[in-house]
Amino acid sequence: MRCLKFEVGQRVIVVNAGGVRNSNTGHKCGTIISANTGQLPPIGVEFDEYVHGHDCNHKGRYGYCWYMYEENLMLLSSKPNSAIKALI
């Protein structure tokens with residue numbers, strides 16, 4: 001099993017929305033709320049804006065979340081948000 005380069009609580013921006021079937025996520029910022037190498041796409045992101053998404057299996061706000069691939073994301077903050085990590 002491979003290791004993801006992102007972890008829960010980190011801030012990211014979508015740099016390429018290809019392959020995720022939700023064009024509303026393009027160039028949006030959000031926070032990683034789940035990272036599971038056993039699913040595809042593996043990274044659950046809760047976006048700052050409504051993206052007509054879902055809730056990443058009850059981990060985020062409904063409509064603000066979407067699962068993404070690593071290649072879709074760029075890290076904005078390498079320090080995980082401790083408030084979010086405490087909720088997981």
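This passage walks through the fold of a predicted model and a few of its local features.

Start with the overall layout. The chain carries five strands and one helix, and the order along the sequence is β-β-β-β-β-α, so the helix comes after the strands. Of the 88 residues in the chain, 42% are buried. Contacts between residues at least 6 apart in sequence include a good share of long-range ones: 52% of them join residues at least 24 apart. On the outside, the chain exposes about 5200 Å², and carbon and sulfur atoms account for 51% of that area.

The loop between strand 1 (11–14) and strand 2 (29–35) is worth a stop, and Thr25 is one of its residues. Despite the loop setting, Thr25 has a relative accessible area of 0%, so it counts as buried. Leaving aside residues up to four places away in sequence, the neighbours that Thr25 touches are Val14, Ala17, Val20, Phe47, Val51, Trp66 and Met68. Among these contacts, Phe47 falls within strand 3 (43–47), while Trp66 and Met68 fall within strand 4 (65–68).

Val15 sits in that loop as well, between strand 1 and strand 2, but its surroundings are another story. Its relative accessibility is 42%, which makes Val15 partly exposed, because that value lies between the 20% and 50% cut-offs. Together with Met74 and Leu76, Val15 forms a nonpolar patch on the surface. The accessible area of the three residues together is about 260 Å².

Turning to the aromatic side chains, the structure has one aromatic pair. It is made by Tyr50 and Tyr64, whose ring centres are 5.6 Å apart. The ring planes meet at 85°, and since planes over 60 degrees apart count as edge-to-face, the pair falls in that class. Both partners lie in the loop between strand 3 and strand 4, yet they are 14 residues apart, so the pair is said to link distant parts of the chain. Neither ring belongs to a buried residue: Tyr50 is partly exposed at a relative accessible area of 41%, and Tyr64 is partly exposed too, at 22%.

Tyr64 has a further partner in Arg61. The charged end of Arg61 sits over the Tyr64 ring, 3.9 Å from the ring centre. Tyr64 thus takes part in two arrangements, the edge-to-face pair with Tyr50 and the placement of the Arg61 charge over its ring.

Conventions:
Residues numbered from 1 in each chain as written. Predicted model: local features only at pLDDT ≥ 70, side-chain atom pairs only at ≥ 80, totals over all residues. Heavy atoms only, no water. Helix = DSSP H or I, 4+ residues; strand = E, 2+ residues; numbered from the N terminus. Buried < 20%, exposed > 50% of the residue type's maximum accessible area, 1.4 Å probe, protein only. Contact = heavy atoms within 4.5 Å. Areas by Shrake-Rupley, 256 points an atom, 1.4 Å probe, with all protein chains shown as cover. Patch = residues over 30% accessible without salt bridge, like charges linked within 9 Å, V, L, I, M, F, W, Y side chains within 5 Å. Salt bridge = Lys/Arg side-chain N within 4 Å of Asp/Glu carboxyl O. Phe/Tyr/Trp six-rings, centres within 6.5 Å; stacked < 30°, edge-to-face > 60°. Lys NZ or Arg CZ within 6 Å of the ring centre and 35° of its normal.
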